[in-house]
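Trainee: Please take me closely through one part of this model, the surroundings of the ligand, and set it beside the charged pairing and backbone geometry elsewhere, giving each cut-off as you go.

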Amino acid sequence: MEKTKEKSRVLVIGATGRLGHYLTRFSIQSGHPTFALIRNSTFSDPSKSVTLESLSSSGVTLLKGSLDDEASLEEAVSKVDIVISAIPSKHVLDQKLLINVIKRTPSITRFIPAEYGADPDKTQVSDLDHGFYSKKSEIRRLIESSNIPYTYICCGLFMRILLPSLVQPGLQSPPMDKVTVFGDGNVKAVFVNEVDAAAFTIKTIDDPRTLNKTLYLRPCGNVCSMNDLVEMWEGKIEKKLVKAFVTESQLLEKIKETPYPDDMEMVFIYSFFIKGHHTYFEIDESCGGVNGTELYPDVKYMTVSEFLDTLL
Ligand SMILES: NC(=O)c1ccc[n+]([C@@H]2O[C@H](COP(=O)([O-])OP(=O)(O)OC[C@H]3O[C@@H](n4cnc5c(N)ncnc54)[C@H](OP(=O)(O)O)[C@@H]3O)[C@@H](O)[C@H]2O)c1
């Protein structure tokens with residue numbers, strides 16, 4: 001009888017977070033022995049007990065450790081083949097010690113660093129972003145110079161960010177009368193539901209086609225300009241909205257007079273809807289890009305239209 005190939009073992013860092021939780025779910029569902037690195041403070045936090053219980057009962061092995069505790073990282077990394085990080089962007093540089101540990105562990109077949117947004121190497125916002133993208137690029141260069149096998153996930157904007165207000169800073173729900181459009185409203189951005197970003201990520205981990213590649217998601221129906229979004233929403237509420245346009249220089253002015261971190265929402269609007277950082281380039285295989293939606297047509301994902309239906 002043919003011996004079935006053992007599934008690679010996966011370590012998720014950030015498994016108690018929103019994306020990390022979905023990553024463990026798809027990892028387990030795909031039959032990977034799955035581990036989560038959990039900080040001591042999280043084990044002793046009563047508000048996290050339900051999340052830990054749910055991870056444990058779904059079959060995830062919980063390991064005590066932290067990104068600043070080298071021994072715990074060595075122990076955790078030695079148990080697995082694949083490491084996926086889903087820590088928040090403001091902590092991306094905290095992955096440096098982990099990268100050193102992975103470098104010393106040649107059995108690791110793939111590392112996915114915390115990114116899951118725009119491609120940091122293709123995003124130039126002239127220091128407006130307080131190092132948001134340059135720190136991610138710094139982590140990429142460290143991974144590459146350490147010869148660690150990697151996949152970078154560039155999935156666009158999570159639908160829970162900006163889309164619930166139809167890209168209206170300060171609003172929590174979509175406008176019903178007037179809408180602000182940034183730039184000319186024709187620049188396209190990419191949206192993805194977080195759970196779908198996790199599903200695509202887990203698809204890549206054993207796939208040789210994504211080894212040392214950047215996976216871009218451009219799902220059909222989810223590459224939309226502000227004008228597309230407004231038109232879609234108008235169709236759903238059966239009403240025309242009055243559009244007010246904000247030019248690039250007006251938005252830049254507003255960003256400059258807004259303190260951090262409140263300015264970041266507008267920085268992302270500038271980046272995605274004025275500069276077009278999700279879509280201004282073709283996915284170029286000769287430069288290491290792969291199209292996730294084409295590689296994995298079996299992944300069923302939420303469309304922007306379906307998401308807008310949830311807001312009615
Ligand atoms: N494209 C987008 O629109 C978008 C939007 C948001 C996020 N993202 C990306 O998605 C990824 C996950 O974000 P998220 O919103 O799911 O994060 P989240 O819900 O805030 O969860 C963060 C996780 O990281 C863990 N963590 C934080 N600092 C840590 C440390 N020093 N050592 C070990 N674990 C640590 C937390 O553990 P504890 O339980 O111990 O605190 C938690 O499990 C990030 O890479 C982020 O950049 C993308």
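**Salt bridges, ligand shell and backbone**

Mentor: The count of salt bridges comes to 19, where a salt bridge is a side-chain nitrogen of Lys or Arg within 4 Å of a carboxyl oxygen of Asp or Glu. This is a predicted model, in which local features need pLDDT of at least 70 and side-chain atom pairs pLDDT 80 or more, whereas totals for chains, interfaces and linings use all residues. Residues are numbered from 1 along each chain as its sequence is written, and side-chain values use heavy atoms, without hydrogens or water.

One such bridge joins the side chains of D119 and R140, at 2.9 Å from N to O. It links distant parts of the chain, since D119 is in the loop between β5 (110–112) and α6 (132–145) while R140, 21 residues apart, is in helix α6; helices (H or I, at least four residues) and strands (E, at least two) are DSSP runs numbered from the N terminus.

Turning to the ligand, 25 residues surround it, and T16, T42, Y116, G156 and F158 come nearest, a residue counting if one of its heavy atoms lies within 4 Å. By class, this shell has 11 nonpolar, eight polar and six charged residues, with Ala, Val, Leu, Ile, Met, Phe, Trp, Tyr, Cys and Pro taken as nonpolar, Asp, Glu, Lys and Arg as charged, and the others, Gly among them, as polar. Among the N or O pairs within 3.5 Å, a polar side-chain atom of T16 lies 2.4 Å from a ligand oxygen, and polar backbone atoms of G14 and E115 lie 3.2 Å and 3.5 Å from an oxygen atom of the ligand. The elements giving two or more residues to the shell are α1 (18–29) and β7 (157–158).

As for the backbone, most residues other than glycine have a negative phi, and most peptide bonds are trans. D127, in the loop between β5 and α6, has a positive phi of about 65 degrees although it is not a glycine. The peptide bond from Y260 to P261 is cis, with omega near 5 degrees, and P261 is found in the loop between α9 (248–256) and α10 (264–274).

Definitions and conventions
A polar contact is a pair of N or O atoms within 3.5 Å; within protein, one must be able to donate a hydrogen and the other to accept it, and residues adjacent in sequence count only if both atoms are side-chain atoms.
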